[in-house]
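Let's take a relaxed walk through a protein model and see what its side chains are up to. Have the structure open as you read.

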Amino acid sequence: GVINLRENLIYLGCYHDGGDRDSRDLDGDFFSSDMMTPKVCVDHCTAQGFSYAGLQYGTECYCGDTFGQFGASPESYCSTPCGGDGGQVCGYGWINSIYTSAGGACTLHNWDGCYMEGSSRQHLTPVLSARVTTMDSFSFKYGRVEVVARMPTGDWLWPAIWLLPKDWVYGDWPRSGEIDIVETR
């Protein structure tokens with residue numbers, strides 16, 4: 001899955017639909033729009049009280065509280081451009097691009113990260129990560145940095161090792177600078 005905090009979305013993957021109108025994977029509400037995007041569909045389904053949104057054919061939106069009964073599809077199958085934004089994909093014929101609401105906005109907006117709280121209706125997927133900081137305990141002006149590290153992998157992670165300034169002379173990040181030693185995906 002991919003979290004898009006700017007649009008408050010979580011992409012859950014590409015999934016098969018039932019193959020006929022009487023056996024839909026997402027069996028709640030339906031609507032169609034030439035201006036369809038994942039955000040338009042998720043906002044509609046959330047307003048109707050559903051947990052999941054599925055997009056097909058670039059213009060169709062299906063809502064429901066469960067998905068996946070017909071199995072996952074290869075990501076390459078979700079290839080139809082969205083009617084409202086050709087840069088995003090909206091499923092394919094009888095193949096859903098499944099999304100859900102990210103369940104809230106960031107509660108912290110600075111260089112330190114973005115945090116979200118789960119609720120009884122919106123569960124956060126488990127993520128294992130860590131942070132090591134030497135702020136106020138170590139700094140150097142000249143020298144060499146050598147790091148031996150095992151970088152975590154997984155959805156929603158962007159492992160990185162940064163050097164940040166000791167004194168934030170020009171203001172908060174990024175105005176005072178940053179040196180990226182490594183960023184991986």
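Trp 94 counts as partly exposed, because its relative accessibility is 24% and that label starts where buried ends, at 20%. Keep in mind that you're looking at a predicted model. Trp 94 sits in the loop between β5 and β6, the latter covering residues 95-101. Its backbone is a bit of a curiosity: phi of Trp 94 is near 60 degrees, which is a positive value in a residue other than glycine. For context, most residues other than glycine have a negative phi.

Tyr 57 pulls the same kind of trick, with a positive phi near 55 degrees, and it isn't a glycine either. Where does Tyr 57 lie? You'll find Tyr 57 in the loop between β4 (52-56) and β5. With a relative accessible area of 39%, Tyr 57 is partly exposed.

**Disulfides**

Now for the sulfur atoms. A disulfide is a covalent bond between the sulfur atoms of two cysteines. How many disulfides does a search of the whole structure find? It finds 4. Here are some of them, with the distance between the sulfur atoms.

| Cysteine pair | S to S distance |
|---|---|
| Cys 41 and Cys 61 | 2.1 Å |
| Cys 45 and Cys 63 | 2.0 Å |
| Cys 82 and Cys 90 | 1.9 Å |

Start with the disulfide between Cys 41 and Cys 61. Cys 41 lies in helix α1 (residues 38-47) and Cys 61 in strand β5 (residues 60-64), so this pair ties together parts that are 20 residues apart in sequence. The torsion about the S-S bond of Cys 41 and Cys 61 is about 85 degrees, so this disulfide is right-handed. Both ends are tucked away: Cys 41 is buried with a relative accessible area of 0%, and Cys 61 is buried with 0% as well.

Next up is the disulfide that joins Cys 45 to Cys 63. This pair links distant parts of the chain, with Cys 45 in helix α1 and Cys 63 in strand β5, 18 residues apart. Is the link of Cys 45 and Cys 63 right-handed or left-handed? The torsion about its S-S bond is about -80 degrees, so it's left-handed. Cys 45 and Cys 63 are both buried.

Then there's the pair Cys 82 and Cys 90, joined by a disulfide. With 95 degrees about the S-S bond, this link is right-handed. Cys 82 counts as buried at 3% relative accessibility, and Cys 90 does too, at 0%.

**A closer look at Cys 63**

Let's zoom in on one of these cysteines. Cys 63 lies in strand β5. Why does Cys 63 count as buried? Its relative accessible area is 0%, and buried means under 20%, so Cys 63 fits the label. What does Cys 63 touch, leaving out residues up to four places away in sequence? The list includes Leu 26, Asp 27, Gly 28 and Asp 29, along with His 44, Phe 50 and Tyr 52. Cys 45, its disulfide partner, is on the contact list too. You can also try Ser 51, which is 12 residues away from Cys 63 along the chain: the C-alpha atoms of the two are separated by 7.6 Å.

**Salt bridges**

On to the charged side chains. A search of the whole structure finds 3 salt bridges.

Arg 24 forms one with Asp 17, and the closest N and O atoms are 2.6 Å apart. Are these two residues buried or exposed? Both Arg 24 and Asp 17 are buried.

Asp 43 pairs up with Lys 39 in a salt bridge, with 3.1 Å between the closest N and O atoms. These two are 4 residues apart in helix α1, so about one helical turn separates Asp 43 and Lys 39. Asp 43 counts as partly exposed at 39% relative accessibility, and Lys 39 is also partly exposed, with a relative accessible area of 31%.

Finally, Arg 144 forms a salt bridge with Glu 146, where the closest N and O atoms are 3.0 Å apart. Arg 144 counts as exposed at 73% relative accessibility. Glu 146 is exposed too, with a relative accessible area of 62%.

Methods. Residues numbered from 1 in each chain as written. Predicted model: local features only at pLDDT ≥ 70, side-chain atom pairs only at ≥ 80, totals over all residues. Heavy atoms only, no water. Disulfide = S-S within 2.5 Å. Buried < 20%, exposed > 50% of the residue type's maximum accessible area, 1.4 Å probe, protein only. Salt bridge = Lys/Arg side-chain N within 4 Å of Asp/Glu carboxyl O. Contact = heavy atoms within 4.5 Å.
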